[in-house]
Amino acid sequence: MTGVGNPRIFLSPPHQSGREGDYIAQALASNYITSLGPQVDEFERRFCRVTGFENALAVSSGTAALHLALVVLGVGPGDLVLASDLTFIGSINPVLYQGAEPVFIDSERVSWNMDPELLARELEYLASQDRKPKAVVVTDLYGQCADLEALLAVCRPHGVAVICDSAEALGAKYRGNSAGSGALMAAFSFNGNKIITTSGGGMLVSPERDLIDQARNLAQQAREPLPYYEHRRIGFNYRMSNILAGLGLGQLEVLEERVRAKRDIFRRYQKGLGNLPGISFMPEAAWGQSNRWLSVMMVDQAEFGADPEEIRLALEEQNIESRPVWKPMHMQPVFQGRRCRGGAVGEDLFSRGLCLPSGTQLEQTDQQRVIQAVRELRG
Ligand SMILES: Cc1ncc(COP(=O)(O)O)c(C=O)c1O
């Protein structure tokens, strides 16, 4: 069977709820075609209601949210920021924007997220060198929360702030609460492949009002509250457009449905492929409920008879998009020579992992096409 003639199956395309148009029409009718307006305010309010955070700032991307978090914390040139090694580079770039130095921390195997023990060892090592990082940025990978309580417990005696990069994890739960709960600040992304999208956008949240107020000011070119334009520090143009917030309002209404759909997709892959020799799936840690943003399959080449790249190419031939697991940061040419605590777990997950199509509009017949294509490789 070939993919010629079959419609393409994308990895995680946008999925409209059908309610976006009304909100966008309201924005247009009110002429708030700008970065401030009622849709932005309402999107921030409803986002707080959904996640349980008390303060939220809608911005132009998840990367912008993370950048603002670092600026608010005062991260600057030469500062150390400890961060997840197995992540997307958008998590790390803001550290470099600030001229700070990232130190990567490997994952544990239970959730594939930052290993609290390795973090503890790195903090102790740094303390022995009289160095204290300015922040720890923890990624909630593929929609699964890191063990934040354990990570916070490790950071507390050192007085280091924790920021959660929950870009992929909206709708996921950690001990019954939203992803990011417990961190000083958390960032979410609404780019086109996320569980809900504003085409491009992000949200910074915090239990601390003052931090979000500061971030809000910085996101608007750090304008002083004066009738004329006065600036006492350097800011950014990072606010979300009111039109895109309308898109977000229409998307947020169906978040729970989307989480259910993503989890169902994951279960169907597990059922359809999990019994093949050499195939396993990303585990779900007991402390939470993943949103299964992407269904990630692990392949043992010796047992299965093909490696993830062969599977990816075979799927591509059938017009099906899949993607390797994130390449760990310590393996990235751009971060050559940077410090990393551990690294073997991330390397292993990168070498054996493959992200399968996980769009919430994926029809069961299309998912069967994916499952069948993988099964055929087994012969
Ligand atoms: C883990 C992680 N961090 C940060 C980002 C950056 O978000 P954005 O693309 O909205 O800037 C993303 C998504 O792209 C991500 O997956």
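1. Domain bounds, as used here, come from an automatic or database domain assignment. In this predicted model, that assignment splits the protein chain into domain 1, residues 20-252, and domain 2, residues 255-378. The C-alpha centres of domain 1 and domain 2 lie 25 Å apart.

2. The two domains touch. Domain 1 gives 37 residues to the contact, and domain 2 gives 31. On the domain 1 side, the elements that supply two or more residues are strand S3 (101-105), helix H5 (116-128) and strand S6 (173-174). The largest share, 4 residues, comes from S3. By class, the side of domain 1 that touches domain 2 has 20 nonpolar, 6 polar and 11 charged residues.

3. Which order do the strands of the sheet follow? The order is S1-S9-S8-S5-S4-S2-S3-S14, an open sheet of 8 strands with mixed pairing. Strand S1 (55-59) and strand S14 (340-341) are the edge strands, and each of them pairs on one side only.

4. One parallel pair in this sheet joins strand S2 (residues 80-84) to strand S4 (residues 135-139), over 3 bridges. Within the pair, Leu82 stands opposite Val136 of S4.

5. Strand S9 (202-206) has antiparallel neighbours. S1 pairs with S9 in the antiparallel sense over 5 bridges, and Val59 stands opposite Gly202 in S9. Strand S8 (residues 185-189) also pairs with S9 in the antiparallel sense, over 4 bridges. Here Ala186 has Val205 of S9 as its bridge partner.

6. Is S9 mostly covered or mostly open? S9 is mostly covered, with 5 of its 5 residues buried. In a regular strand, side chains alternate between the two faces of the sheet. In S9, Gly202, Leu204 and Ser206 point one way, while Met203 and Val205 point the other way, and all are buried. A residue counts as buried here if 20 or more other C-beta atoms lie within 10 Å of its own.

7. Helix H2 (residues 38-51) packs on the sheet, where H2 touches both S1 and S9. The direction of H2 makes about 130° with that of S1.

8. What surrounds the ligand? The ligand has 14 residues around it, and the closest are Ser61, Gly62, Thr63, Gly90 and Ser189. Of these, Ser189 falls within the residue range of S8, 185-189. The shell around the ligand divides into 2 nonpolar, 10 polar and 2 charged residues.

Conventions: Residues are numbered from 1 along each chain as its sequence is written. This is a predicted model: local features need pLDDT of at least 70, side-chain atom pairs count only at pLDDT 80 or more; totals for chains, interfaces and linings use all residues. Two residues are in contact if their C-beta atoms, placed from the backbone, lie within 7 Å. Ala, Val, Leu, Ile, Met, Phe, Trp, Tyr, Cys and Pro count as nonpolar, Asp, Glu, Lys and Arg as charged, and the others, Gly among them, as polar. Two strands pair if DSSP finds at least two bridges between them. Axes are lines fitted to C-alpha atoms, for helices over the stretch in contact, and angles run from 0 to 180 degrees between N-to-C directions. A residue is near a molecule or strand if its C-beta atom, placed from the backbone, lies within 6 Å of it. A residue is buried if 20 or more other C-beta atoms lie within 10 Å of its own, exposed if 12 or fewer, and partly exposed in between; C-beta atoms are placed from the backbone.
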